[in-house]
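Q: Could you take me through one part of this protein up close? I'd like to hear about the nonpolar interior, and then how the rest sits around that.

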Amino acid sequence: MYEGNSKNRRPEEVELIRIRPHDMNVENERRRIERRQAQRARMERRRRRRILKIQRWATLLSAVVCTVILGVGGVRFIKGLLRPGLLEADVKETGGENQTEEMLGEPSGILPNDVLEKVSDTAHAAPFIVIDPGHGGTDTGCSRDGVMESEINLELARRLSGKLQGLGFETMLLREDNETDMSLEDRVARAEAQKADIYVSIHQNAYDEDVDDIKGVETWYYGGTDGGKRLAELVHQGAIEKTGAVDRGLQDTAELYVIKNTSMPACLIETSFLSSRSERGLIITGEYQDKMAEGIANGINAYFNPKTMYLTFDDGPSAENTTAILDILKERNIKATFFVVGENVRKHPDVARRIVEEGHTIGIHCNNHDYKQLYKSVDSYLEDFQKAYDAVYEVTGVEAKLFRFPGGSVNSYNKAVGAQIIAKMTEKGYIYFDWNASLEDAVKSSTPEALIQNALSSTLGRKKVVMLAHDVIYNTTQCLEELLDSLPEYEMKPLTEDVEPIQF
């Protein structure tokens, strides 16, 4: 439960009331501010000491290099450096001048590479994830039967950090104990100072009464931040898949300070209801915490390492449906591939030109969708293809190299001539693409919901998917946005000549 959110929700027709931490009196608040100021002063002193120490070691390392190069003269030079007290602080810490000279004999241990790499706190070699264990210190969050939210949040955060580091990510916990008080502003400021790539806040939920059947995972994001929704979708999806918890869905809000005020993609996941006896019993166990952490880590990994999907649309362009699809793709900055029909290109030249102008790939489908005439012979296919090719070139100026067979490269109409057509087209330098997933939107009487289900079920979790759809079908335009929202683990790309084709 996050202190910045006072929004009531009514899932399953039951109103949920977020529990806020108790109000602090004036004296506690004054002490909290004083502790924070003292802590900041200590951190600043430590930071300055670290910088000074690094500078001293760098000078010493330079002297060692001189020793190697100049021999005896170099040693005299080092002793000269030591006399003015340049390394006086380090001599005192290590027990005197003799101790310092002994250290000079082991230059490999003086300034290790990891020290040099850490001079810049924001130079990250891998994606950097800030993990925020919600609450902490005097703010324990919600609690039931001695189970405190702040403690559960920290344990989950620690496990998540370990999982992510095992996957090659860099992580930082905003608090590493249950005594640290940290304001919302401080949390955001630390993430910004570290130039984090994403921000994930971990919380627990609670209902005002102990009701066992009100439970599950819900994830919050702020729609005004680029990437926040996709991150939330993947984190949420990973947690649900790994734990089997009740799916309470995603929520878009501008009321949660940390996810609204971070410049990087951010989300807040509430992993359980402490007011649910059965779910409280799960979230306190190491086994379930490990599953939850692994699920969240899987979602984060998918965010940074997406699978690839090539959206392809056949049979267009059409005036209304293709335009609607182009509007959706433009809004989401997604590029796709359109295998067009020559006759439709001539009917709707403006739409065909828009396909090209907005960066999509345009390929050839056919000139006329008459299967019997098209596959009557190799020559009849080549004649139809040339007409479609000419239409695309005359309208858009594109010399299309990609094409798709009507009905696919293997169908009941081209059994006698299919292999010969493929050989001839390949000889001419054209590349054909089939598909390995489909909306099955060419069938009659399909609902948008059915098309989405067809698409999701046919991907089979593949790392590379060529998705078949048709931009002349009204229901395809109606389901496209929801379909894209349902595939956050995929990065959408257009087909090119460099893509290894999917072929039957």
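A: Here's a walk through the interior, followed by a strand, a pocket and a few backbone oddities. Keep in mind that this is a predicted model.

Some background first. The protein has 19 helices and 16 strands, and of its 504 residues, 47% count as buried. If you take contacts between residues at least 6 apart in sequence, 80% of them join residues at least 24 apart.

Now for the core itself. The largest nonpolar core has 53 residues, and the ones with the most contacts inside it are Leu311, Phe313, Leu329, Phe338, Tyr381 and Phe403. Helix 16 (residues 378–396) gives this core its largest share, 9 residues.

Tyr381 is a good place to zoom in. Setting aside neighbours within four places in sequence, Tyr381 is in contact with Leu374, Tyr375, Phe403, Phe405, Ile421 and Met425. Follow that list to Phe403, and you land in strand 12 (residues 402–403). Phe403 has a relative accessible area of 1%, so it counts as buried, the cut-off being under 20%. Again leaving out residues up to four places away in sequence, Phe403 touches Phe339, Ile364, Tyr381, Phe385, Met425, Tyr430, Ile431, Tyr432 and Phe433. Met425 is thus on the contact lists of both Tyr381 and Phe403. There's also a through-space pairing to look at: the C-alpha atoms of Phe403 and Cys366 are separated by 8.4 Å, with their positions 37 residues apart along the chain.

That isn't the whole interior, though. A second, separate core of 37 residues includes Leu154, Ala206, Ala232 and Ala297.

Strand 1 (residues 128–133) is worth a look too, with 6 of its 6 residues buried. Phe128, Val130 and Asp132 point one way, Ile129, Ile131 and Pro133 point the other way, and all are buried. Strand 1 has parallel partners in strand 4 (residues 170–173), over 4 bridges, and in strand 5 (residues 198–205), over 5 bridges. To find the register, look for Ile129 opposite Thr171 in strand 4 and Val130 opposite Tyr199 in strand 5.

On to the empty space. The second largest pocket holds about 630 Å³. Its lining is made of 20 residues, and Gly227, Arg230, Glu233, Arg332 and Ile334 lie nearest its centre. Helix 8 (228–243), helix 19 (474–485) and strand 16 (490–492) are the elements giving two or more residues to that lining, and helix 8 supplies the largest share, 4 residues. By type, the lining splits into 7 nonpolar, 5 polar and 8 charged residues.

Last, the backbone oddities. Gly316 and Pro317 are joined by a cis peptide bond, with omega about 0°. You'll find Pro317 in the loop between strand 9 (307–314) and helix 12 (321–332).

Two residues other than glycine have positive phi. For Asp145, phi is near 50°, and this residue sits in the loop between strand 2 (143–144) and strand 3 (147–148). Asp145 counts as exposed because its relative accessibility is 65%. For Asn333, phi is near 55°, and its loop runs between helix 12 and strand 10 (337–341). Asn333 counts as exposed as well, because its relative accessibility is 62%.

Conventions: Residues numbered from 1 in each chain as written. Predicted model: local features only at pLDDT ≥ 70, side-chain atom pairs only at ≥ 80, totals over all residues. Heavy atoms only, no water. Core = buried A, V, L, I, M, F, W, Y, C linked by side-chain atoms within 4.5 Å. Buried < 20%, exposed > 50% of the residue type's maximum accessible area, 1.4 Å probe, protein only. Contact = heavy atoms within 4.5 Å. Pairing = 2+ DSSP bridges. 1 Å grid on protein atoms, 1.4 Å probe; cavity = no way out; pocket = protein on both sides within 12 Å on 5 of 7 lines; lining within 4 Å. Points joined across faces, edges and corners; volume = space filled by probe spheres on them. Nonpolar A, V, L, I, M, F, W, Y, C, P; charged D, E, K, R; others polar.
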